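Here is a short set of exercises to work through with the model open beside you. Try each task before you read its solution.

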Amino acid sequence: MALLPPTSLVFSVRRHEPELVPPAKPTPRECKQLSDIDDQVGHRFQIRGLHIYRCNPSMQGKDPARVIREALAATLVFYYPIAGRLREGPNRKLMVDCTGEGVLFVEADADVTLEEFRDALYPPFSCYEELLYEVPGSNDLLNCPLMQIQVTRLKCGGFIFAHRFNHTVSDAVGLIQFMPAMGEIARGALAPSITPVWERHILNARDSPRITCVHDEYDTSTMASGTIIPTDNLVHRSFLFGPTQISTLSRFVPENLQCSTFDLLTACLWKCRTKALELGSNEDVRLICIVNARSKFSPPLPLGFYGNALGYPAALTTAGNICQNPLEYAIELVKQAKKKVTEEYMKSTADLLVIRGRPNVNTVGSFIVSDLTRARFKEVDFGWGKAEFGGPANGWELISYCIPFKNNEGEEGVVVPVCLPAPNMERFVKELDQILVKKNDIVPAGVETSNSNGTFK
């Protein structure tokens with residue numbers, strides 16, 4: 001089975017001086033508290049991603065950097081907290097000071113064309129540091145811009161929109177509400193079609209906090225001495241699961257077991273990764289799914305809510321159980337974990353976070369998977385049409401993303417970035433190969449797969 005080699009494309013980028021883009025009009029000066037779901041330790045970091053756009057002849061003469069800068073300023077009038085700065089109050093409670101200082105913006109030019117990227121429009125993007133210059137002193141949690149954007153023009157007329165965003169303010173769903181709002185205004189709208197809603201109190205702890213659900217994701221008692229993956233010598237690879245590969249994996253699913261493509265891929269990845277790490281058979285392992293809980297509330301969270309509304313339900317078992325049981329065992333665990341997320345579960349989570357001092361999820365022995373196949377990142381349109389790629393710049397040692405992908409033949413699939421130490425990555429590849437029986441049933445992203453008309457659910 002062939003693996004995607006690290007991207008070898010090298011190019012230079014000439015950047016203009018960074019600038020702050022404030023809202024185009026005066027906005028309220030106030031402090032807005034984040035919710036108790038927002039400000040947990042696991043959200044106190046920066047989300048990084050990018051969108052890649054081709055040249056559009058109908059936009060000839062228009063500068064994408066200028067168009068996006070002006071759209072950003074206009075959009076911040078509606079999303080004015082994003083132009084503010086985070087402060088920390090008593091008991092580590094975070095709030096946004098709506099100062100109107102603005103979002104950090106960098107304009108740049110690269111001596112490369114989109115064609116030179118060939119088919120490698122998927123993570124990991126080894127050139128990402130060129131496409132999003134980290135301005136020194138700008139990426140701390142507190143008292144820094146909540147967002148940075150870099151627009152890099154390409155020689156071919158295309159461009160790359162890279163961003164960094166403070167996760168405490170929004171999740172991926174909220175981010176994909178903000179960015180299309182920028183796109184609407186860039187294309188001539190006077191206001192976003194969806195009005196942003198703050199309402200963070202909905203996801204605060206109750207007046208009398210009480211933990212009513214089991215939260216294995218935050219439990220540190222059962223896995224205090226598990227294996228910690230070393231972060232040196234990490235290898236990043238992406239794998240494309242097309243219709244043929246999904247069909248092959250589906251052979252392991254009994255007819256009476258209904259599961260989604262996400263359930264199937266997550267179970268497969270978890271099993272192969274656990275085997276690759278060569279853990280002791282009695283060692284505890286944990287699979288954490290990232291679940292959007294907006295629709296779990298009654299009534300659902302208001303349209304336009306752009307805060308964090310994520311649950312992190314966990315499936316807990318042993319390495320031996322995952323490795324020795326059929327794939328359907330892991331599939332059932334994934335399904336059961338996802339079902340845990342209810343309105344009461346989210347209220348219990350907020351209560352737990354306040355009672356226990358806003359802990360992070362337990363990462364020891366954990367593997368986290370996020371489904372971005374419905375996140376619509378590629379649909380963000382600033383006037384140049386939909387993006388060729390939209391999503392995370394890479395995966396992490398504990399997190400993989402399911403990202404929608406379409407190859408040059410128009411065949412759709414799911415790209416999954418995986419990050420492991422080099423020896424473990426080699427074993428991971430072999431385990432995938434064995435599950436799929438024959439060589440090259442999983443191909444590196446960008447390589448042609450079967451012409452099957454299989455669909456994804």
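**Exercise 1. Find out whether Glu 431 is buried or exposed, and what surrounds it.**

Start with the accessible area: Glu 431 has a relative value of 17% and is therefore buried, where buried means under 20% relative accessible area, exposed over 50% and partly exposed in between (1.4 Å probe, protein chains only). Next, place the residue: Glu 431 belongs to helix 9, residues 422–435. Helices (H or I, at least four residues) and strands (E, at least two) are DSSP runs, numbered from the N terminus. Finally, look for partners: neighbours within four places in sequence left aside, Glu 431 is in contact with Cys 272 and Lys 275, contact being heavy atoms within 4.5 Å.

A note before going on: this is a predicted model, in which local features need pLDDT of at least 70 and side-chain atom pairs count only at pLDDT 80 or more, while totals for chains, interfaces and linings use all residues. Residues are numbered from 1 along each chain as its sequence is written, and side-chain values use heavy atoms, with hydrogens and water left out.

**Exercise 2. Describe the largest nonpolar core and the surroundings of Phe 428.**

A nonpolar core is a set of buried Ala, Val, Leu, Ile, Met, Phe, Trp, Tyr and Cys residues joined through side-chain atoms within 4.5 Å. The largest one has 134 residues, and Ile 82, Phe 161 and Phe 428 have the most contacts inside it. Helix 5 (residues 261–277) gives the largest share, 10 residues. Now zoom in on Phe 428: beyond its neighbours within four places in sequence, its contacts include Leu 269, Cys 272, Arg 273 and Ala 276. Others among them are Phe 239, Val 418 and Leu 420. A second, separate core of 5 residues includes Ala 120, Tyr 122, Leu 240 and Val 415.

**Exercise 3. Work out the order of the open sheet of 3 strands, and say which strands stand at its edges.**

The order is 3-6-5, with antiparallel pairing; two strands pair if DSSP finds at least two bridges between them. Strand 3 (31–33) and strand 5 (85–88) each have a single partner strand, so one side of each is left without a neighbour in the sheet. Then check one pairing: strand 5 and strand 6 (residues 94–97) are joined over 4 bridges in the antiparallel sense. Across this pairing, Arg 85 stands opposite Asp 97 in strand 6.

**Exercise 4. Test the length of helix 8 and find what its buried residues pack against.**

The expected span is 1.5 Å times one less than the number of residues. For the 13 residues of helix 8 (residues 343–355) this should be 18 Å, and the end C-alpha atoms are 18 Å apart, which agrees. Its buried residues, among them Tyr 345, Met 346 and Leu 352, pack against strand 12 (310–311). After the helix comes Gly 357, with a positive phi near 80°.

**Exercise 5. How many disulfides are there, and why is Cys 31 not in one?**

Apply the rule that a disulfide is a pair of cysteine sulfur atoms within 2.5 Å: the count comes to 0. For Cys 31, the closest cysteine sulfur, in Cys 98, is 7.0 Å away, too far for a bond. Cys 31 is partly exposed, at a relative accessible area of 49%. Cys 402 is in no disulfide either, as the nearest cysteine sulfur, that of Cys 289, is 9.7 Å away. Cys 402 is buried, with a relative accessible area of 2%.
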